[in-house]
Amino acid sequence: MSLTEWTHNAMPAPLRRTGVGPGANLDALLTAVGADRDSKAFSVLFDHFVPRVQAQMLRLGLASFAAADVTQDVMETIWRKAHLFDPRKAAATTWVFHIARNRRIDVKRRSRETICAIEDFFGIPDPADGSDDCVDSTKREACLREALRDLPHDQFALVKLAFFDGLSHTAIAAHLNLPLGTVKSRLWLAFCRLRRALLDAGVTEP
């Protein structure tokens with residue numbers, strides 16, 4: 001599997017349950033992420049919300065791959081937009097599931113927009129066998145190299161250890177003397193950044 005495939009398909013396993021306590025603690029954790037980019041706070045939020053958001057998306061009728069994609073997008077949004085959270089207006093759980101609900105609506109809307117009859121494809125000519133393979137491969141690799149260069153140093157170091165050096169998450173945590181949750185959440189953020197960069201560059205397939 002190439003690194004391009006990895007960034008499109010990898011879905012890190014949920015972290016072990018840490019027990020975040022009452023909802024007020026979630027508010028404080030989310031505020032810490034927004035104010036200080038607190039990766040430890042994000043690790044706990046990650047562990048708490050990933051299984052819950054994904055389970056809710058499945059209950060609401062999304063296919064497993066779509067539920068996983070929505071969950072990934074929600075977690076990335078939490079990291080990028082936590083500074084917009086206001087505990088005076090809503091609890092952290094309400095805020096996060098509002099994001100998830102909106103993402104689900106977007107997925108459903110896109111699904112309706114892309115439905116078309118099979119006959120619509122009959123007139124599309126087949127491309128010449130292998131004619132664009134070299135160009136596509138070159139573009140993918142160039143986009144991936146650029147996306148990797150743009151990663152924060154701590155995220156790039158983890159991607160290098162996980163993919164290029166083949167270390168497990170546990171081995172990386174021991175090697176860098178980091179909590180396992182921090183390793184997983186940083187890798188998750190790296191996957192999100194790489195995936196978004198590749199999609200923005202038009203690389204939509206592995």
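**The cores**

In this predicted model, the largest nonpolar core holds 32 residues. Leu30, Phe42, Val74, Met75 and Ile78 touch the most other members. Five helices each give two or more residues to this core: α2 (23-36), α3 (39-59), α4 (64-81), α5 (92-114) and α9 (180-200). The largest share comes from α3, with eight residues. In soluble globular proteins, nonpolar side chains tend to be buried together.

Look at methionine 75 for a closer view. Beyond its neighbours within four places in sequence, methionine 75 is in contact with Phe42, Leu45, Phe46, Phe49, Val50 and Trp188. There is also a second, separate core of 17 residues. Its members include Leu148, Leu158, Ile172 and Phe191.

**The chain as a whole**

The protein chain has nine helices and zero strands. Read along the sequence, the pattern is α-α-α-α-α-α-α-α-α. The chain has 206 residues, and 38% of them are buried. Now take the contacts with a separation of 6 or more: residues 24 or more positions apart account for 74% of them.

**Where α7 meets α9**

Helix α7 covers residues 153-164. The axes of α7 and α9 come within 9 Å and cross at roughly 95 degrees. An angle from 65 to 115 degrees counts as roughly perpendicular, so α7 and α9 are roughly perpendicular to each other.

Which residues of α7 and α9 meet? From α7 come Asp154, Gln155, Leu158, Val159 and Ala162. From α9 come Val183, Arg186, Leu187, Leu189, Ala190 and Arg193. The residues of this contact divide into seven nonpolar, one polar and three charged.

**Arginine 186 and serine 39**

Arginine 186 lies in helix α9. Is arginine 186 buried or exposed? Its relative accessible area is 18%, and buried means under 20%, so arginine 186 is buried. Not counting residues up to four places away in sequence, arginine 186 touches Ser39, Asp154, Gln155, Leu158 and Leu178.

Follow the contact with Ser39. Serine 39 lies in helix α3. At 19% relative accessibility, serine 39 counts as buried. Leaving aside neighbours within four places in sequence, serine 39 is in contact with Trp79, Thr182, Ser185 and Arg186.

**Aromatic pairs**

How many aromatic pairs are there? The count comes to six. One of the pairs joins phenylalanine 85 and tryptophan 95. Their ring centres are 5.7 Å apart, and their planes stand at 65 degrees. Planes over 60 degrees apart count as edge-to-face, so this pair is edge-to-face. Phenylalanine 85 sits in the loop between α4 and α5, while tryptophan 95 is in helix α5. The two are 10 residues apart. Phenylalanine 85 is buried, with a relative accessible area of 8%. Tryptophan 95 is buried too, at 17%.

Ring pairs also link Phe42, Phe46, Trp79 and Trp188 into a cluster. Two of these names have come up before: Phe42 belongs to the largest core, and Trp79 is in contact with serine 39.

**Far in sequence, linked in space**

Aspartate 86 has its place in the loop between α4 and α5. Aspartate 86 is buried, with a relative accessible area of 16%. Leucine 198 is in helix α9. At 0% relative accessibility, leucine 198 counts as buried. For each residue, the table gives one partner and the distance from C-alpha to C-alpha.

| Residue | Partner | Apart in sequence | C-alpha to C-alpha |
|---|---|---|---|
| Aspartate 86 | Glycine 34 | 52 residues | 10.0 Å |
| Leucine 198 | Glutamate 146 | 52 residues | 9.5 Å |

**Positive phi angles in two loops**

Which residue in the loop between α2 and α3 has a positive phi? Arginine 37 does, with a phi of about 50 degrees, although it is not a glycine. Arginine 37 lies in the loop between α2 and α3. Arginine 37 is partly exposed, with a relative accessible area of 42%.

Asparagine 177 also has a positive phi, near 55 degrees, and is a residue other than glycine. Asparagine 177 is found in the loop between α8 (169-176) and α9. At 70% relative accessibility, asparagine 177 counts as exposed.

How values were computed. Residues numbered from 1 in each chain as written. Predicted model: local features only at pLDDT ≥ 70, side-chain atom pairs only at ≥ 80, totals over all residues. Heavy atoms only, no water. Core = buried A, V, L, I, M, F, W, Y, C linked by side-chain atoms within 4.5 Å. Buried < 20%, exposed > 50% of the residue type's maximum accessible area, 1.4 Å probe, protein only. Helix = DSSP H or I, 4+ residues; strand = E, 2+ residues; numbered from the N terminus. Contact = heavy atoms within 4.5 Å. Axes fitted to C-alpha atoms, helices over the stretch in contact; angles between N-to-C directions. Parallel < 35°, antiparallel > 145°, perpendicular 65-115°, else oblique. Nonpolar A, V, L, I, M, F, W, Y, C, P; charged D, E, K, R; others polar. Phe/Tyr/Trp six-rings, centres within 6.5 Å; stacked < 30°, edge-to-face > 60°.
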